[in-house]
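This report covers the surroundings of the bound ligand and the cysteines of the chain.

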Amino acid sequence: MRSCLILLMAFVPIFTFAQDEFLYGTFPDGFMWGAATAAYQVEGGWDADGKGESIWDRMVHSDPGSILNQDTGDIAADSYHKYAEDVAALKETGVDFYRFSLSWSRLLPTGRVDVVNEAGVAFYNALIDALLANGVQPMVTLYHWDLPQPLEDQGGWLNETLIVPAFAEYAAFAFEAFGDRVKLWLTLNEPWVQAVMGYGNGGNAPRVVGSGITDYLSGLNQLKAHAEAWHVYNEQFRPTQAGQCAITLDVVWMEPKTQLALDIEAAERSLQFKLGWFAHPIFSLEGDYPASMKEAVARHSAEEGYPESRLPEMGEEWRLRILGTSDFFGLNHYTTSLVEHSVWPGTGTSFDRDQDTTQSADPAWPESSLGWLKVVPWGFRKALNWIKSEYGDVPVWITENGYADLGELQDLDRISFYRAYIDEVLKAVVLDGCNVVGYTAWSILDNFEWTQGYSQKFGLYQVDFNDPSRPRTRKESAIAYAQIISDNGFPQP
Ligand code: GAL
């Protein structure tokens, strides 16, 4: 198998997009390799055995046109029934850990702990036990965008007095049920996306529109809920369970379009609006939102006639309560944008306008099948260095990175992507001293890519969504990733 792979690699058209030479070398001993999924994207069983409705169930059923080809996650990859095959794929790939999320509605159909769905508890117990029996550690995300609909009916992430205690209570429930075996916890996945698309531009569930207002409000409530969950773990569970609890944030690397001071500043501001919004309150020394973000939103709010900044104040008590609430830095990364300074014409309130920037892509960058996902490996190394310079030596777990195509089994472009991106992580670790301790491929298998439905494939394993038995087939990229894992990087050929 190995010699076939080496032969195959010889034909993979790699590195034409690297900024510098490929680096041969290996990661430090103990570096952790994983693969990821999220509940709504793979499980199916949307109302099986007492599961409650989530905001994604509601969106796909009430407005089928909101998803490409009217796809739904009703069955998805059917991992609710076929999890043993997922575990077999993970084992075959040789990963150290599997990042998956719990469906809050499968465990607590009302969203609160008054009703527990024992079938849901049994499902996750079986998955966790199967992973451990196969030498794969579970890394569990509590919330990957699938809020129980009954909580959304009461305002969801906009209702602080509801959502902050509800999330803390759900987290305690999960730590209690699974924390004897789960030692790596993630509270929220990509709060930026949940805020901007779920509660800002209406692109994702629950499709609230209120850009420049409700996105910021849901963002603050997510920070508060995350912090409360971390404190629950830290105080009530860490002493006996001895695991780690963190948040996962997404970054697009923001490259200045020119070397003009205004554009360099604009790119920096964009990074603060993207990553700093959630990272600064948690990982910086002083907490609170980044200064440039506070200044920009306050100035725009005043210009638009608001009596105060649309970015809600964190307040002193919450600033301190949120600060330092992550045991490591979970990072999702896919792509890079070019950023230039630009003041938007016209009037109106929006999150994008607040930033005074325009983003674009270099037409020379290779594309994936998703418009937003350009292949720019060097942005990864820059992002990791930026995190180090902003937040110091906090351990970074890359919790997602991957490539979209239309589903080939001979997915040579995905192999190129992984090799080039992982090599930039290697450079960040070996040459720049970035403290990256783990890497996660998105995804172990093809799945429901949100509003793109099943049109976009990210899997190392193909899933045939036209076949009721949802068979999994290993792709070439799974073989290549397995090789990278067993080599712990790229030893000199
Ligand atoms: C992330 C998200 C994943 C996955 C991926 C690819 O933002 O957390 O669920 O869909 O993007 O688009």
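The ligand is surrounded by Gln41, His144, Trp145, Asn189, Glu190, Tyr334, Trp372, Glu400, Trp442, Glu449, Trp450 and Phe458, where a residue is near a molecule if one of its heavy atoms lies within 4 Å of it. This is a predicted model, in which local features need pLDDT of at least 70, side-chain atom pairs count only at pLDDT 80 or more, and totals for chains, interfaces and linings use all residues. Residues are numbered from 1 along each chain as its sequence is written, and side-chain values use heavy atoms, with hydrogens and water left out.

By class, the shell holds six nonpolar, three polar and three charged residues. Here Ala, Val, Leu, Ile, Met, Phe, Trp, Tyr, Cys and Pro count as nonpolar, Asp, Glu, Lys and Arg as charged, and the others, Gly among them, as polar.

Polar contacts (pairs of N or O atoms within 3.5 Å) link oxygen atoms of the ligand to these side chains:

| Residue | Distance to a ligand oxygen atom |
|---|---|
| Glu190 | 2.6 Å |
| Glu400 | 2.9 Å |
| Trp450 | 3.0 Å |

The protein buries 94% of the 310 Å² that the ligand exposes when taken alone, with areas from the Shrake-Rupley method and a 1.4 Å probe.

As for the cysteines, the whole structure contains zero disulfides, a disulfide being a pair of cysteine sulfur atoms within 2.5 Å. Cys245 has a relative accessibility of 0% and so counts as buried, that is, under 20% relative accessible area with a 1.4 Å probe and protein chains only. Cys434, at 6%, is buried too.

Note on methods
Polar contact = N/O pair within 3.5 Å; in protein donor to acceptor, adjacent residues only side chain to side chain. Buried < 20%, exposed > 50% of the residue type's maximum accessible area, 1.4 Å probe, protein only.
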